[in-house]
Amino acid sequence: MQLLGHLDLDGHGNGGEGISLHSSGGRRTLYIAHESAPVNFSVIDVTDPREPRMIAQTRLPHDDVRSNSLHVAGDLMAVAYQTKAPGGQPAGVELFDISRPGEPRSAGFFDASGPHSRGTHCLWFVDGETVWASTGLADFEPADPKDDQIVVALDVRDPSHPREAGRWWLPGTRKGDREPPPPRHPRFDFGYRSHNINVYPRRPDRAYVAYLDGGVVILDIGDRSDIRQVSRLDYHPPLPGFTHTALPLFERGLLAVTDESVLDAAEDHPKHLWLMDASVETNVVPIATAPLPPPEFRTRGGRYGTHNLHENEPVPTAYQSETTLVGAFFNAGVRAFDIRDHFQPRLSGYFVPEAPPGSRAGAIQINDVYADERGLIYAIDRFSGGLYILEFEAWA
């Protein structure tokens with residue numbers, strides 16, 4: 001991988017888990033969510049990837065809210081708001097009209113605040129009609145405070161009046177459920193919460209959900225008012241938990257799954273990128289893991305292990321591949337894997353920037369990646385490094 005361009009995001013280089021690319025009128029605009037306040041999101045002109053240029057940067061109303069996730073569909077962008085503690089505001093999903101990329105305009109808001117809600121951590125929005133949100137709600141009281149974010153479908157066909165269309169949570173995690181609560185992890189209790197929710201036009205009746213300590217969940221969403229579980233694979237314990245992403249590779253009957261590293265210095269080791277056979281969706285089976293970064297990275301600084309994947313977003317500006325996976329690996333940078341032999345994934349490329357100035361980790365912490373339809377990779381650092389634009393010629 002070769003570095004084409006870099007931008008420190010005007011001194012606010014703390015990228016979150018949201019990168020989306022919008023193309024209109026011959027210009028290419030990248031939208032980046034931020035890991036924490038004071039910045040809400042950054043808007044960068046990447047028409048020339050060697051000279052990225054900031055064209056807008058919005059602020060949050062206060063430091064007790066973060067907008068960690070965003071997604072663009074056409075001229076509409078959805079942004080997630082999560083507060084530091086339950087009961088705070090704003091908490092939920094804001095919709096923006098981005099028909100003028102440098103002048104984003106609020107178009108609507110779904111309020112998810114409530115006495116037991118921190119709002120929305122992560123969202124998926126690719127069809128212009130439904131936002132899939134991992135969120136708390138005003139009327140959802142978790143049995144354990146760690147279990148406060150569930151799967152919620154929001155109908156945003158009228159952006160000025162978004163409304164809930166359906167919800168699902170792991171049985172036993174809501175106060176008052178008839179089902180018994182799931183057992184807590186004896187060592188790493190990160191909670192039973194929804195994280196990434198992936199829904200594709202290829203299977204509009206399925207949602208592929210990473211549910212932290214609950215593992216990988218496949219949902220039947222054919223009737224959004226009555227969402228049902230198809231299957232669940234939970235492998236924690238013995239492993240540490242925090243399942244983050246479940247990416248379906250439809251042509252091959254596979255799932256690519258990451259468990260996020262959330263503790264520094266590999267204290268929650270191992271955190272893998274898994275390949276799973278999902279050809280029988282009621283019986284998902286792990287079949288391989290991608291090679292971990294070299295062990296010396298464990299003490300380099302910050303987090304060691306997997307985080308996000310490029311998720312083959314079904315939009316014109318996203319690269320589509322079922323044979324190469326590209327992921328964010330914190331202090332091991334951006335890493336790509338050739339999975340043509342899905343029983344033996346192999347490293348096919350990587351880029352590890354130097355430690356950014358001002359990083360409290362003392363090392364790069366690549367937090368998210370996005371590959372455009374030309375194969376360029378956009379990667380963001382968690383603390384201070386900002387945006388890195390990479391050229392990668394080894395796509396399988």
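Where is the place of Lys 175? In this predicted model, Lys 175 sits in the loop between strand 14 and strand 15 (197–200). With a relative accessibility of 54%, Lys 175 counts as exposed, because the cut-off for that class is over 50%. Leaving aside residues up to four places away in sequence, the residues touched by Lys 175 are Glu 141, Pro 142 and Ala 143. For one of these, Pro 142, the C-alpha atom lies 5.3 Å from that of Lys 175, although the two residues are 33 apart in sequence.

Strand 14, which precedes this loop, belongs to an open sheet of four strands. The strand order is 11-12-13-14, and the pairing is antiparallel. Strand 11 (120–124) and strand 14 (163–168) form the edges, each pairing on one side only. From one strand to the next, the twist averages 30 degrees. The pairing of strand 14 with strand 13 (residues 150–155) is antiparallel and involves five bridges. Within this pairing, Leu 154 stands opposite Glu 164 of strand 14.

A further open sheet, also of four strands, has the order 2-3-4-5 with antiparallel pairing. The edges here are strand 2 (15–24) and strand 5 (53–59), and each of them pairs on one side only. The twist in this sheet averages 20 degrees between one strand and the next. Strand 3 and strand 4 run antiparallel and are joined by five bridges. One residue pair in this arrangement is Tyr 31 with Val 43, the latter being the bridge partner in strand 4. In general, the strands of a sheet pair through backbone hydrogen bonds, in either a parallel or an antiparallel sense.

Arg 28 is a residue of strand 3. Its relative accessibility is 9%, so Arg 28 counts as buried under the 20% cut-off. The side chain of Arg 28 makes a polar contact of 2.9 Å with the side chain of Glu 373. Beyond residues up to four places away in sequence, Arg 28 touches Leu 21, His 22 and Ser 23, as well as Ile 44, Asp 45, Val 46 and Thr 47. The list of its contacts is completed by Asp 372, Glu 373 and Arg 374.

Salt bridges number 32 in the structure. One of them joins the side chains of Glu 35 and Arg 382, with an N to O distance of 3.3 Å. Glu 35 lies in the loop between strand 3 (27–34) and strand 4 (39–45), whereas Arg 382 lies in the loop between strand 27 (377–381) and strand 28 (387–391); the pair therefore ties together parts that are 347 residues apart in sequence. Both Glu 35 and Arg 382 are buried.

Arg 382 is also among the residues touched by Arg 303. Arg 303 is located in the loop between strand 22 (285–289) and strand 23 (324–328). At 11% relative accessibility, Arg 303 counts as buried. Its side chain reaches the backbone oxygen of Ser 261 at 3.1 Å. Not counting residues up to four places away in sequence, Arg 303 touches Glu 260, Ser 261, Val 262, Leu 263 and Asp 264. Further contacts of Arg 303 include Phe 330, Asn 331 and Gln 365.

Other salt bridges involve partly exposed residues, as the following pairs show. Asp 189 forms a salt bridge with Arg 184, and the closest N and O atoms are 3.2 Å apart. The relative accessible area of Asp 189 is 23%, which places this residue in the partly exposed class. Arg 184 is likewise partly exposed, at 27% relative accessibility. Asp 189 and Arg 184 are members of a salt-bridge network that also links Asp 144, Lys 146 and Asp 147. In another pair, the side chains of Asp 234 and Arg 232 meet in a salt bridge with an N to O distance of 3.3 Å. Asp 234 has a relative accessibility of 30% and counts as partly exposed. Arg 232, at 34%, also counts as partly exposed.

Methods: Residues are numbered from 1 along each chain as its sequence is written. This is a predicted model: local features need pLDDT of at least 70, side-chain atom pairs count only at pLDDT 80 or more; totals for chains, interfaces and linings use all residues. Side-chain values use heavy atoms; hydrogens and water are left out. Two strands pair if DSSP finds at least two bridges between them. Helices (H or I, at least four residues) and strands (E, at least two) are DSSP runs, numbered from the N terminus. Axes are lines fitted to C-alpha atoms, for helices over the stretch in contact, and angles run from 0 to 180 degrees between N-to-C directions. A salt bridge is a side-chain nitrogen of Lys or Arg within 4 Å of a carboxyl oxygen of Asp or Glu. Buried means under 20% relative accessible area, exposed over 50%, partly exposed in between (1.4 Å probe, protein chains only). Contact means heavy atoms within 4.5 Å. A polar contact is a pair of N or O atoms within 3.5 Å; within protein, one must be able to donate a hydrogen and the other to accept it, and residues adjacent in sequence count only if both atoms are side-chain atoms.
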